[in-house]
Structures are given as C-alpha cells and as structure tokens.
Amino acid sequence: MRVLVTGGAGFIGSHTVDLLLQKGYEVRILDNLTPPVHIEGQVPAYVPREAEFILGDVRDRAAWERALQGVDAVFHFAAYQDYLTDFSKFFHVNTVGTAMLYEVIVANKLPIQKIVVASSQAAYGEGKYQCETDGIQYPPLRPVEQLMQRDWEPHCPVCNKTMKPVVTDEARLNPHNQYAMSKYTQEMLALNFGRRYNIPSAAVRFSITQGPRQSFRNAYSGALRIFTTRLISHHAPVCYEDGQQLRDYVSVHDVARANVLVMEDARANYESFNIGGGRAITVEQYARLIASKLNKSIEPSIPGEFRFGDTRHIVSDISKLCALGWSVQVSIDEIVEEYIAWAGEQPDVRDYYAEAEVAMKKMGTIRET
Ligand SMILES: NC(=O)c1ccc[n+]([C@@H]2O[C@H](COP(=O)([O-])OP(=O)(O)OC[C@H]3O[C@@H](n4cnc5c(N)ncnc54)[C@H](O)[C@@H]3O)[C@@H](O)[C@H]2O)c1
C-alpha cells in the first residue's frame with residue numbers, strides 16, 4: 001500500500017513517514033521545502049531515503065496529479081501556519097490546496113481509500129468554559145480593551161462573570177484567527193467532499209505538538225522550541241499574559257501513532273478527532289520545567305504582553321480517539337528531555353525569538369499593556 005504524505009519533510013509529517021515505513025507502507029512525500037521551516041531547497045537529513053520525494057506545492061494542480069499517481073491513502077499535512085497577517089495566504093495554501101486534492105481525485109476517478117487532513121485545536125477558538133450561573137459557554141475572542149487591562153480570563157457572554165475552562169470535545173468549532181479559520185475550512189472540505197464522493201476521509205485536530213525536528217527558524221510559535229532556544233542562549237523565556245494559560249502539549253510520537261490509527265481504522269471515516277496530551281500545564285510551569293531540565297536558574301519573563309487573537313486556555317478532550325484504542329504514552333517530562341537532547345545536537349540552534357518578536361510587534365500580533 002502506497003501512502004502520500006504532504007508536508008512530509010516537516011515536523012509531524014516526517015515522524016508519520018517514519019512510522020509508516022516501520023509498518024511496511026511505501027511512502028511518497030510532496031513538500032515544497034518552504035522557508036523559514038526549511039533552508040530553501042534543502043531536503044532535511046532526517047527525511048528517509050526509502051521515501052520517494054517530490055518537490056512541489058499543494059497549490060499546484062500538476063504537483064497533485066503527479067503525487068497522487070498509484071497512491072492508496074493520503075495524509076495532507078502541508079500547511080501555512082502561525083500568526084502573521086498575510087490572511088489570504090492561509091486560505092490559498094490550506095483551503096485551496098485541500099480543495100485541489102479532492103478536485104484532482106474526483107476529476108481523475110482515483111481509487112483513494114483514505115484521506116487524513118491535519119486540523120488544529122486552534123479551530124476551537126477559546127474552547128469550552130463553565131459559568132457558575134449560566135452553564136457551558138463557548139466565548140468569543142477576548143476583546144483587546146479587556147486584555148489591555150490585564151484582565152485575562154474569558155467572561156461569560158450572558159452574565160459577564162469570569163468562567164472556568166473545561167476540556168473541549170469535538171462537538172463545536174469556533175475559529176477566531178486566520179489560521180484556525182483555514183483549518184476549519186479544510187475539515188469541512190475533507191469531510192463533506194469525502195462523504196459526497198465516497199472517499200473515506202477524517203480530520204485530526206492536533207494540540208500543540210512537541211518533539212525533535214521542530215524547525216528553530218520558525219520562531220513565531222512553539223513554546224518548547226522558543227523557550228529552549230532562549231534558555232540555551234541564556235535569555236529568559238517570555239510568557240505572554242500572566243503565564244497561567246493552560247495547554248495540553250502532546251508528543252509528536254503519540255501524534256504519529258494516532259495519525260496511522262486514524263488512517264487504518266474504518267471507524268474513523270468521516271469523523272474528526274482531537275489528538276492532545278490529555279493533561280494540562282500552565283505556560284509558566286512549562287517554562288520552569290524546561291529551565292530545570294536545562295539546569296538553568298533563569299526565571300521566566302512575564303512582561304504582561306499578549307498575542308492578539310490567542311486563546312486563554314485550550315485543553316482537548318481526547319476520549320473519542322482513546323475509544324479507538326489510542327492512548328498518550330509520552331509524559332511531559334519525557335517530551336522536554338527528548339527535545340533538549342535533540343536540540344543540543346543541532347548545528348543551527350540559536351535564539352531566533354528576538355527577530356520574530358520585533359516582526360510580531362510591528363504587525364500588532366504581540367501587544368504591550
Ligand atoms: N505542530 C503543531 O503543534 C500543530 C498543531 C496543530 C495542527 N498542526 C498542523 O499539522 C500539520 C503539520 O504541521 P507541522 O508542525 O509538522 O509543520 P511544519 O512546518 O514542520 O511542516 C509543514 C511542511 O509543509 C510544507 N509546506 C508548507 N507549505 C507548503 C505548500 N504550499 N506546498 C507543499 N508543501 C508545503 C513545509 O515545507 C513543511 O515541510 C499542519 O497542517 C499544521 O497546520 C500542527
């Protein structure tokens with residue numbers, strides 16, 4: 001069985017490629033080696049030789065036509081990410097790219113048995129909260145005026161009291177930013193075209209995924225890589241807001257196993273699944289954990305800045321995927337230890353955050369209070 005992995009030269013894609021090869025699948029990668037994730041045009045050394053590599057862009061029909069020949073299943077992971085304000089590019093790459101995948105399959109009547117598209121926890125926006133008076137709520141984006149007052153917790157849309165976060169299941173999406181909206185449209189395209197044309201399809205909504213191979217050069221997001229590179233360079237890790245945001249970081253190894261399960265298991269067809277760490281930790285706790293694993297006595301910096309469009313707390317309910325037989329196997333400690341060991345071996349490790357911070361402040365993505 002031959003599996004196409006778009007974005008297979010990237011972080012999650014390459015770990016999924018490794019697992020597919022281990023399990024005896026033939027693998028083809030379609031990737032345009034986009035900067036800043038990659039040094040332009042260079043196939044990373046970790047991409048296995050056994051995988052066939054096609055250099056191409058998911059916005060290009062001819063690239064899809066070539067890449068889909070003789071393929072039985074597709075992981076569609078290539079995407080434009082982060083928090084930059086070139087809004088249209090999110091939809092060109094993520095939405096149009098996914099539409100093109102289905103267009104080429106339908107036009108050529110290709111016998112694809114399964115498509116798994118990468119969505120994101122970001123598609124939940126603020127996710128699910130409990131108001132002590134008004135029950136379960138899905139609050140909208142926190143207003144800038146509220147954040148400027150350093151009033152970080154979401155307020156109940158009915159009574160305006162602050163609310164408690166609860167784990168967010170797959171039932172309701174509420175995307176706020178350009179990336180999240182493009183992931184939402186990708187899911188809609190996959191599940192609806194899939195059903196309509198009998199192409200078994202599924203969407204996987206990753207929580208913040210952590211592990212080796214996360215490109216250092218992309219310093220706009222990714223707490224583990226940013227905190228680690230800051231600390232290795234003797235700089236304090238910067239926590240936005242008050243550092244008390246809850247996150248459910250998940251290991252890329254658990255994510256790769258989940259991806260292959262969703263591809264192989266027909267019970268996953270036409271469904272969306274959360275893939276998260278199943279435990280919550282604050283951003284400040286995470287920064288402190290990374291510092292302690294690096295033996296650095298550097299306190300996190302918490303200057304009261306915020307990332308416009310960010311969510312306060314987001315922790316995914318993973319019970320739907322666990323019901324298919326998957327479970328979290330890598331602990332938070334192991335995630336951090338593995339990443340630090342890998343980062344220490346990389347020749348290009350340095351603090352890329354300062355430049356990214358300047359760019360994000362200039363665009364109004366990071367704001368001071
Ligand atoms: N890493 C996370 O925490 C996370 C969380 C939620 C969702 N996701 C989703 O998972 C998928 C993989 O993310 P990742 O962290 O591995 O990212 P990554 O940046 O490491 O990998 C993405 C790969 O896609 C390629 N790519 C980008 N644009 C392309 C295009 N137009 N044509 C062909 N290839 C292109 C890049 O060169 C790169 O190799 C993405 O769809 C992302 O939205 C990731």
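Around the ligand in this predicted model stand 28 residues, of which Gly 7, Gly 10, Phe 11, Ala 78 and Ala 79 come nearest. By class, the shell around the ligand holds 14 nonpolar, eleven polar and three charged residues. Helix α1 (11-22) and strand β5 (114-120) each supply at least two residues of this shell. The biggest contribution is that of α1, which gives three residues.

Helix α1 also belongs to a right-handed β-α-β unit, together with β1 and β2. Strand β1 (residues 2-6) is mostly covered, with four of its five residues buried. β1 pairs in parallel with β2 (residues 26-31) through five bridges, and in the parallel sense with β4 (residues 73-76) over four bridges. Val 5 has a partner in both: Val 5 stands opposite Ile 29 in β2, and its bridge partner in β4 is Phe 75.

Elsewhere, an open sheet of three strands has the order β7-β6-β8, with antiparallel pairing. Because β7 (135-137) and β8 (164-165) stand at the edges with a single partner strand each, one side of each has no neighbour in the sheet. Strand β6 (residues 129-131) is joined to β7 by three bridges, and Gln 130 stands opposite Ile 136 in β7.

The strand pairs with their bridges are set out below.

| Strand pair | Sense | Bridges |
|---|---|---|
| β1 and β2 | parallel | five bridges |
| β1 and β4 | parallel | four bridges |
| β6 and β7 | antiparallel | three bridges |

Technical notes. Residues are numbered from 1 along each chain as its sequence is written. This is a predicted model: local features need pLDDT of at least 70, side-chain atom pairs count only at pLDDT 80 or more; totals for chains, interfaces and linings use all residues. Two strands pair if DSSP finds at least two bridges between them. A residue is near a molecule or strand if its C-beta atom, placed from the backbone, lies within 6 Å of it. Ala, Val, Leu, Ile, Met, Phe, Trp, Tyr, Cys and Pro count as nonpolar, Asp, Glu, Lys and Arg as charged, and the others, Gly among them, as polar. A residue is buried if 20 or more other C-beta atoms lie within 10 Å of its own, exposed if 12 or fewer, and partly exposed in between; C-beta atoms are placed from the backbone. A crossover is right-handed if, with the strands pointing away from the viewer, the path from the first strand over the helix to the second runs clockwise.
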